[in-house]
Amino acid sequence: MKKSERMRACVSNLAAPEAGIDPCYAGYFACFNAGEYYEAHDVLEHLWLQCTDENRLFYQGLIQIAGGFVHLQKQFLHPAHPKHGLRMRPAARLLRLGVANIQPYGPEHLLLNVRELCSFCEGLAAGLDASGFEVNPWRPESAPQLRLLGLK
């Protein structure tokens, strides 16, 4: 099965929480909040690849933020692995790229508190820098939850 077919199958099972929200966008948050950062990246990438409007950089930034969390999660799970153990510097880089892409859409965009997410990601990246990329702040028990405004 091709990646695009997998993504269509995945999002067909996701009900948009509110009329007007693309299932891929809603799926990003469902996957992210489940700690499935790679899947969140893939689901939103499916929408981003088709996007030709003003939201293209916004989606790209959210994809980059999910990518940053992929790196943090893999490093946490496999700190001694030769590849995964070195993922904190790329995580900080992706978090900053994501912030740079979504920040112009703030303070709120597509039901997301952009300002809050940017602040959170900047804080994570700064903490990674300050630790010399030695301390991973990500923990499964305190993994971040992204909420869309006005939705439960």
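In this predicted model, the second largest pocket encloses about 170 Å³ of space. Its lining is formed by L112, N113, E116, L117, F120, P144, Q145, L146, R147 and L149. Strand 2 and helix 6 each contribute at least two residues to this lining. Helix 6 provides the largest share, namely three residues.

The chain that surrounds this pocket contains six helices and two strands, arranged along the sequence in the pattern α-α-α-α-α-β-β-α. The chain has 152 residues, of which 47% count as buried. Among contacts with a sequence separation of 6 or more, 66% are accounted for by residues 24 or more positions apart.

Helix 6, which supplies part of the pocket lining, covers residues 114-130. Its 17 residues should span 24 Å at 1.5 Å a residue, and the separation of 24 Å between its end C-alpha atoms therefore agrees with expectation. The buried residues of this helix are V114, L117, C118, C121, L124, A125 and L128. Viewed down the axis of helix 6, these buried residues fall within an arc of 130 degrees, so they line one face of the helix. An α-helix has 3.6 residues a turn, so residues three or four places apart point the same way. On the face turned away from the buried side, helix 6 carries the exposed residues R115, E116 and A130. Of the buried residues, L117 also belongs to the lining of the second largest pocket, as does E116 from the exposed set.

The buried residues of helix 6 pack against four elements: helix 4 (56-77), helix 5 (88-102), strand 1 (108-109) and strand 2 (112-113). At the N-terminal end, helix 6 is capped by N113, a side-chain oxygen of which lies 3.3 Å from the backbone nitrogen of R115. N113 is also one of the residues that line the second largest pocket. Beyond the other end, helix 6 is followed by G132, which has a positive phi near 65 degrees. G132 is located in the segment after helix 6 and counts as partly exposed, because its relative accessibility is 39%. The C-alpha atom of G132 lies 9.3 Å from that of M88, although the two residues are 44 positions apart in sequence.

M88 is one of the buried residues of helix 5, together with A91, A92, L94, L95, G98, V99, N101 and I102. Helix 5 has 15 residues and extends 21 Å from its first C-alpha to its last, close to the 21 Å expected at 1.5 Å a residue. The elements that cover its buried residues include helix 4 and helix 6.

A detailed view of the packing between helix 4 and helix 5 is given by Q64. This residue, Q64, lies in helix 4 and is classed as buried because its relative accessible area is 14%, under the limit of 20%. Residues up to four places away in sequence being set aside, Q64 touches L94, L97, G98 and N101. Among these, L94, G98 and N101 are themselves buried residues of helix 5. For G98 the contact with Q64 includes a polar pair, in which the backbone nitrogen of G98 lies 3.4 Å from a polar atom of the Q64 side chain.

Terms used: Residues numbered from 1 in each chain as written. Predicted model: local features only at pLDDT ≥ 70, side-chain atom pairs only at ≥ 80, totals over all residues. Heavy atoms only, no water. Expected span 1.5 Å × (residues − 1). Buried < 20%, exposed > 50% of the residue type's maximum accessible area, 1.4 Å probe, protein only. Arc of directions from axis to C-beta. Contact = heavy atoms within 4.5 Å. Polar contact = N/O pair within 3.5 Å; in protein donor to acceptor, adjacent residues only side chain to side chain. 1 Å grid on protein atoms, 1.4 Å probe; cavity = no way out; pocket = protein on both sides within 12 Å on 5 of 7 lines; lining within 4 Å. Points joined across faces, edges and corners; volume = space filled by probe spheres on them.
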